[in-house]
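Here are some exercises on the empty spaces in a protein model, each with a worked solution. Keep the structure open beside you and try each task before reading on.

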Amino acid sequence: MQEITVTRTTQPKVKPTDESKLGFGKIFTDHMFLMDYEAGKGWFNPRVVPYGNFSLDPATTVFHYGQAIFEGTKCYRRADGGLQLFRPADNMARMTRSAKRMGMPALDEETALAGLKKLVELDADWVPHQDGTSLYIRPTMIATDVMLGVHAAARYLFFIICSPVGSYYKDGLKPVGIYVEDEYVRAVRGGTGFTKCAGNYAASILAGDVAEQKGYSQVLWLDGVEQKYVEEVGSMNMMFAYGNHIVTPTLNGSILPGITRDSILTLARQLGYEVSEERLAIADIFADIKSGKLTEAFGTGTAAVISPVGELCMKGEKLVIGGGQIGPVAQKLYDTLTGIQYGKLPDENHWVTKL
Ligand code: COI
């Protein structure tokens with residue numbers, strides 16, 4: 001692992017006093033972690049520095065050809081005041097997988113992880129205290145060559161910024177309404193759907209805006225070929241409960257392999273639920289909601305945690321799920337996952353790193 005230098009800020013910011021008003025990703029801490037890459041040299045100069053602007057040439061390749069990937073992970077404050085991270089090494093490993101698909105260099109995962117810990121330790125007072133709050137950590141890699149030819153860049157910047165957050169959706173655990181997108185698609189086989197590249201999110205913004213105008217929080221993406229099968233909700237993987245049987249779309253290359261998705265599937269099995277990963281036709285989901293066989297729907301994600309879905313709308317047809325309330329399966333999984341993340345329940349899977 002490389003030595004990380006630290007330059008402390010001389011102008012610490014005022015921290016938010018009302019943690020109930022944090023929202024998501026609006027405030028940033030005092031420091032950030034940076035590390036540079038050059039082809040032939042590898043990753044170098046890992047450093048924690050005061051949070052601040054970058055100065056980039058307008059011809060920097062990330063602005064033109066979008067070699068940009070990111071991750072999302074969180075630091076939680078335990079009741080005893082101590083801090084802990086949840087599966088951060090899995091985020092770094094996923095960033096390397098995203099990088100490979102995007103023609104970007106593999107991350108120096110060990111140094112990135114050490115930088116993340118150093119940064120969070122330095123900004124520890126920014127980790128909020130209130131139930132349901134955390135420090136959201138955003139590792140990001142961008143191409144920084146200055147040229148207009150379409151090639152993989154030879155220079156990259158890896159950075160980590162942190163933001164104290166509350167719940168991702170404004171109403172917390174209150175079930176959200178989701179619009180099933182039947183015009184646009186998010187990803188196709190052989191594309192970048194399994195990566196956390198910025199372009200996947202850019203491609204989702206128009207559909208998200210249209211759904212919001214119709215009163216829905218997000219869109220549910222269908223497969224990019226037949227537009228028949230359930231994929232994911234951009235910021236969350238989707239799960240459906242049939243009583244105590246949980247089903248979720250199989251990872252097929254166009255769905256993000258969510259770390260929360262994997263944690264929930266593991267915990268669900270350990271709690272005795274039946275779990276299957278399948279190709280799920282949206283028509284079957286709608287039929288099963290109508291017949292009452294499908295009892296709950298919920299999304300999983302680092303930002304979203306577990307978000308119950310109380311309504312699905314497709315081509316104007318609106319169906320309420322589970323009476324529009326959070327169901328027992330989502331509640332049990334939420335309590336178990338957050339119990340581990342906040343240090344209230346034993347970490348039998350060794351997912352937690354104490355700081
Ligand atoms: C996350 O859950 O960390 C995400 O990256 C989703 C979203 C905020 C873009």
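**Exercise 1: Enclosed spaces**

Searching the whole structure, which is a predicted model, turns up two cavities of 30 Å³ or more. Your task: find which residues lie closest to the centre of the largest cavity, and which elements line it.

*Solution.*
- Step 1. Begin with volume: the largest cavity holds about 100 Å³ of space.
- Step 2. Look at its centre. The lining has 13 residues, and Y76, F86, T260, T302 and Q341 are the closest to the centre.
- Step 3. Assign the elements. β5 (73-77), α6 and α8 (328-341) each give two or more residues to this lining, and β5 has the largest share, with three.
- Step 4. Sort by class: five residues are nonpolar, seven polar and one charged.
- Step 5. Check the domains. Domain 1 (5-165) and domain 2 (176-341) each contribute at least three residues to the lining of the largest cavity.

**Exercise 2: The other cavity**

Describe the second largest cavity by its volume, its lining and the classes of its residues.

*Solution.*
- Step 1. Its volume is about 50 Å³.
- Step 2. Of its 13 lining residues, E296, A297, V309, Q325 and G327 lie nearest the centre.
- Step 3. At least two lining residues come from each of β14 and β15 (305-314); β15 supplies the largest share, three residues.
- Step 4. The class split of the second largest cavity is seven nonpolar, five polar and one charged.

**Exercise 3: Open pockets**

Work out which element gives the most to the lining of the largest pocket, then turn to the second largest pocket and its lining.

*Solution.*
- Step 1. The largest pocket contains about 940 Å³ of space. Its lining takes in 42 residues, with Y168, Y169, Q218, V233 and S235 closest to the centre.
- Step 2. Elements giving two or more residues include β7 (134-143), α5 (205-213) and α6 (259-270). The most come from α5, with four residues.
- Step 3. By class, the lining of the largest pocket comprises 17 nonpolar, 15 polar and 10 charged residues.
- Step 4. Now the second largest pocket, with about 290 Å³ of space. Among its 17 lining residues, D223, E231, N252, S254 and R279 are closest to the centre.
- Step 5. The lining of the second largest pocket has seven nonpolar, four polar and six charged residues.

**Exercise 4: On the surface**

Which residues make the nonpolar surface patch of about 270 Å²?

*Solution.*
- Step 1. The patch is made by F54, L56 and F63.
- Step 2. Place F63 on the chain: this residue sits in helix α1 (residues 61-65).

Key:
Residues are numbered from 1 along each chain as its sequence is written. This is a predicted model: local features need pLDDT of at least 70, side-chain atom pairs count only at pLDDT 80 or more; totals for chains, interfaces and linings use all residues. Side-chain values use heavy atoms; hydrogens and water are left out. On a 1 Å grid over the protein atoms alone, a cavity is a set of points where a 1.4 Å probe fits but cannot get out, and a pocket is an open set with protein on both sides within 12 Å along at least five of seven lines; lining residues have an atom within 4 Å of a point. Grid points are joined across faces, edges and corners, and a volume is the space filled by probe spheres set on the points. Ala, Val, Leu, Ile, Met, Phe, Trp, Tyr, Cys and Pro count as nonpolar, Asp, Glu, Lys and Arg as charged, and the others, Gly among them, as polar. Patches are made of residues with over 30% relative accessible area and no salt bridge: like charges are joined within 9 Å, nonpolar side chains (Val, Leu, Ile, Met, Phe, Trp, Tyr) within 5 Å. Accessible areas come from the Shrake-Rupley method with a 1.4 Å probe; for residues, only the protein chains shown count as cover. A salt bridge is a side-chain nitrogen of Lys or Arg within 4 Å of a carboxyl oxygen of Asp or Glu. Domain bounds come from an automatic or database domain assignment.
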